[in-house]
Amino acid sequence: MNLISNAIKYSRPKPTRLIELGSYAEAGMKVYYVKDNGVGFNPAYAHKLFGVFQRLHKTTDFEGTGVGLAIVRRIINRHNGNTWAEGKPEEGATFYFSLPD
């Protein structure tokens, strides 16, 4: 739910929101993703996204506490999965999580 609500929130400035949900199998894992055409982020800072209180956008631009992605990572890690993200400024972002098949 957090990944979907983030996709909605960060694509709000776009005149047309595009949000895609999908999955695929890879190396014994089921990979799920949420992709949007929102504001994106600088990929150099992708490692900060899943940290507690780590934000890449101003709180005045987008509401939130900065804990959502950290909670997502913790839940997925407890189930022997992984989380990661890809993005480009003004081109959107894709957030992934994987779980054992």
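Two aromatic rings of Phe, Tyr or Trp (for Trp, the six-membered ring) are paired here if their centres lie within 6.5 Å, and a pair is called stacked when the planes are under 30 degrees apart, edge-to-face when they are over 60, and tilted for the rest. By that criterion, ring pairs link Tyr-24, Tyr-33, Trp-84 and Tyr-96 into a cluster, and a search of the whole structure finds six aromatic pairs. The model is a predicted one, in which local features need pLDDT of at least 70 and side-chain atom pairs count only at pLDDT 80 or more, whereas totals for chains, interfaces and linings use all residues. Residues are numbered from 1 along each chain as its sequence is written, and side-chain values use heavy atoms, with hydrogens and water left out.

The framework that carries these rings consists of two helices and four strands, where helices (H or I, at least four residues) and strands (E, at least two) are DSSP runs numbered from the N terminus. Read from the N terminus, the elements follow the order α-β-β-α-β-β. The four strands form an open antiparallel sheet in the order 1-2-4-3, two strands being taken as paired if DSSP finds at least two bridges between them. Strand 1 (19-26) and strand 3 (82-88) each have a single partner strand and stand at the edges, so one side of each is left without a neighbour in the sheet. From one strand to the next, the twist averages 15°; for angles in general, axes are lines fitted to C-alpha atoms, for helices over the stretch in contact, and the values run from 0 to 180 degrees between N-to-C directions.

Strand 1 and strand 2 are joined in the antiparallel sense by eight bridges, with Leu-21 standing opposite Val-34 in strand 2. The hairpin that these two strands make has two residues between the strands, and Ala-27 takes a positive phi near 50° in it. On the other side of the sheet order, seven bridges join strand 3 to strand 4, again antiparallel, and Glu-86 has Thr-94 in strand 4 as its bridge partner.

Both helices pack against this sheet. Helix 1 touches strand 1, strand 2 (29-36) and strand 4, and its direction makes about 20° with that of strand 2, contact meaning heavy atoms within 4.5 Å. Helix 2 lies across strand 3 and strand 4, running at about 140° to strand 3.

The largest nonpolar core has 14 residues, and those with the most contacts inside it are Leu-3, Phe-41, Leu-49, Phe-50, Leu-69, Ala-85 and Phe-95. Such a core is a set of buried Ala, Val, Leu, Ile, Met, Phe, Trp, Tyr and Cys residues joined through side-chain atoms within 4.5 Å, and buried means under 20% relative accessible area, with exposed over 50% and partly exposed in between (1.4 Å probe, protein chains only). Helix 1 (2-10), helix 2 (68-78) and strand 4 (92-100) are the elements that give two or more residues to this core. Leu-3 touches Val-34, Leu-69, Phe-95 and Phe-97 when residues up to four places away in sequence are not counted.

In a regular strand the side chains alternate between the two faces of the sheet. Returning to the ring cluster, Tyr-24 and Tyr-33 have their ring centres 6.5 Å apart and their planes at 45°, so the pair is tilted. Tyr-24 is partly exposed at a relative accessible area of 31%, whereas Tyr-33 is buried at 18%. Tyr-33 also forms a tilted pair with Tyr-96, at 6.1 Å centre to centre and 50° between the planes. Because Tyr-33 lies in strand 2 and Tyr-96 in strand 4, this pair ties together parts that are 63 residues apart in sequence; Tyr-96 counts as buried, at 12% relative accessibility.

Two polar residues complete the tour. Ser-98 lies in strand 4 and is buried, with a relative accessible area of 4%; leaving aside neighbours within four places in sequence, its contacts include Met-29, Ile-76 and Trp-84. Asp-36 lies in strand 2 and counts as buried at 8% relative accessibility, and its C-alpha is 6.4 Å from that of Thr-94, although the two are 58 residues apart in sequence.

For the protein as a whole, buried residues make up 36% of the 101 residues, and residues 24 or more positions apart account for 52% of the contacts with a separation of 6 or more.
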